[in-house]
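Welcome! Here are a few exercises to work through with the structure in view. Try each task before reading its solution.

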Amino acid sequence: MSSIHGQGEPPLRGSLTVQMEGFALKRYDPLEAPNPQEWLSLGEDERLALVSDYHRRVKPRPPKAGLHAAIHVIIENQIALGDEYSVQQTADRLLGEGLDRHEAIHAIGSVLIENVHDIARDPVVEPNLNERYLAALAQLTAAGWRG
């Protein structure tokens, strides 16, 4: 069982605390990878709340903040799953190419959104959408994303 501020604890000023048995994810910072087990133990609403809290504190705030937070959560989920997807490998490669972790999440998120957009535009269902996404990630470079 989890609660947003922990049991009997007042909320920390300026941050959101998610308390779980054995875990206490105090805040989300896209520059630092959350513990995968801890991250995946949270509910989707708790993950969204942590990411949204981070983005409320940064300037400038992203447009379409809800969608922005959801993309962060999806990418963090895929990174936390490790070898199940090649997203962790893609993030590591982008970091090696000079992006910081937050930029790498945005770069990977841009590939995800582009694929979702293409699929929504063309209603013909491809046999394996994951293959398309993973192939696009394999082509993603820091220079290409920055350009």
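## How two helices meet

In this predicted model, H2 and H3 are oblique to each other.

**Exercise 1.** Work out why H2 and H3 count as oblique.

*Solution.* Start with the general idea: two packed helices are described by the angle between their axes and the distance between the axes. Next, find the values: helix H2 (residues 44-57) packs against helix H3 (residues 65-80) at an angle of about 120°, and their axes are 9 Å apart. Now compare with the cut-offs: 65 to 115 degrees would be roughly perpendicular and over 145 roughly antiparallel, with the rest oblique. The pair H2 and H3 is therefore oblique. Their crossing is right-handed. On the H2 side, the residues making the contact include Val 51 and His 55, while H3 contributes, among others, His 72 and Val 73.

**Exercise 2.** Decide whether His 102 is buried or exposed, and find its partners.

*Solution.* First locate His 102: it lies in helix H5 (residues 101-121). Its relative accessible area is 16%, and buried means under 20%, so His 102 is buried. Then look around it: leaving aside neighbours within four places in sequence, His 102 touches Pro 30, Leu 31, Tyr 54, His 55 and His 72. With the side chain of His 72, the His 102 side chain makes a polar contact (3.3 Å).

**Exercise 3.** Describe the order of elements in the protein chain.

*Solution.* Count the elements: there are seven helices and two strands. Then read from the N terminus: β-β-α-α-α-α-α-α-α. Finally, consider burial: 37% of the 147 residues are buried.

How values were computed. Residues are numbered from 1 along each chain as its sequence is written. This is a predicted model: local features need pLDDT of at least 70, side-chain atom pairs count only at pLDDT 80 or more; totals for chains, interfaces and linings use all residues. Side-chain values use heavy atoms; hydrogens and water are left out. Helices (H or I, at least four residues) and strands (E, at least two) are DSSP runs, numbered from the N terminus. Buried means under 20% relative accessible area, exposed over 50%, partly exposed in between (1.4 Å probe, protein chains only). A polar contact is a pair of N or O atoms within 3.5 Å; within protein, one must be able to donate a hydrogen and the other to accept it, and residues adjacent in sequence count only if both atoms are side-chain atoms. Contact means heavy atoms within 4.5 Å. Axes are lines fitted to C-alpha atoms, for helices over the stretch in contact, and angles run from 0 to 180 degrees between N-to-C directions. Angles under 35 degrees count as roughly parallel, over 145 as roughly antiparallel, 65 to 115 as roughly perpendicular and the rest as oblique. A crossing is left-handed if the near helix is turned anticlockwise from the far one by less than a right angle, and right-handed if clockwise.
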